[in-house]
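Thanks for coming. I will go through one model this morning, starting with a single residue and then moving to the core and the largest pocket.

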Amino acid sequence: MNILKSITFVSFSLLLISCFGFTNKKETQLKVTYIAKENTKVAYFASGCFWCVEAIFESVNGVEEAVSGYAGGNTLNPTYKSIGTGKTGHAETVAVYYNPNKVSFQTLVTVFFGSQDPTTKNGQHPDYGSQYRSIAFYTTDAEKQIIENTITQLNKDVYNGKIATEVTKFKKFYKAEEYHQDFERRNPNQGYVKAVSVPRLNKFKKKFPQLLKSDVH
């Protein structure tokens, strides 16, 4: 989601605007702060542009909130600018707050693998670089086992052993700058959103209609 997006889509007239996009300041100011419930759990996933990933998980029934940020590296206090260099070790990551009584971690892992190409090394088209790599984070041994079992099955049934997704123990999540939060929803006419985010979301919705919230946009 750095300047590479604008370069990649330079042939598209609708992407003459940089991917840094627009921010609806009034809406941001009026947005109610999300407060996790007592039984809420959090899962962390990275699979390319976090604008896209956040929108996908927020469409899933049982997901209370999805927050864009950075994880997977060792650099302290990463920023959008610093991770764009590909030198911080972090990837664009989404923290998924969910109700385990409505959606399981296994289902979230299914959503994760079913909404990307997990065989792509360091990126999801049209975004490439280590900051866009595919990572399934785990916080417990049980979560790690679920992820690894899913990879084993998908490698056997679908991807012929080619899955490149990293399975990484979660350490720390850094929330991204405020203008990245709910970006796809707040900026439906932004060039990258129209060309990449919305089609990726719609592809997911078509594939997993049974997992969607009734009011999903």
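Is Glu58 buried or exposed, and which side chain of opposite charge is nearest? This is a predicted model, where local features need pLDDT of at least 70, side-chain atom pairs count only at pLDDT 80 or more, and totals for chains, interfaces and linings use all residues. Residues are numbered from 1 along each chain as its sequence is written, and side-chain values use heavy atoms, with hydrogens and water left out.

Glu58 is buried, meaning under 20% relative accessible area with a 1.4 Å probe, protein chains only. Glu58 has no salt bridge, that is, no side-chain nitrogen of Lys or Arg within 4 Å of a carboxyl oxygen of Asp or Glu. The nearest side chain of opposite charge is Arg185, 5.3 Å away; Lys and Arg count as positive, Asp and Glu as negative, and His and the chain ends are not counted. Beyond four places in sequence, Glu58 is in contact (heavy atoms within 4.5 Å) with residues including Asp182 and Lys213.

Glu58 sits in helix α3, helices being DSSP runs of H or I, at least four residues, numbered from the N terminus.

Now the core. The largest nonpolar core (buried Ala, Val, Leu, Ile, Met, Phe, Trp, Tyr and Cys joined through side-chain atoms within 4.5 Å) has 43 residues. Phe45, Phe57 and Leu108 have the most contacts inside it. Helix α3, residues 50-58, gives the largest share of this core, 7 residues. Apart from it lies another core, of 10 residues, among them Tyr44 and Phe137.

How values were computed. Buried means under 20% relative accessible area, exposed over 50%, partly exposed in between (1.4 Å probe, protein chains only). Helices (H or I, at least four residues) and strands (E, at least two) are DSSP runs, numbered from the N terminus.
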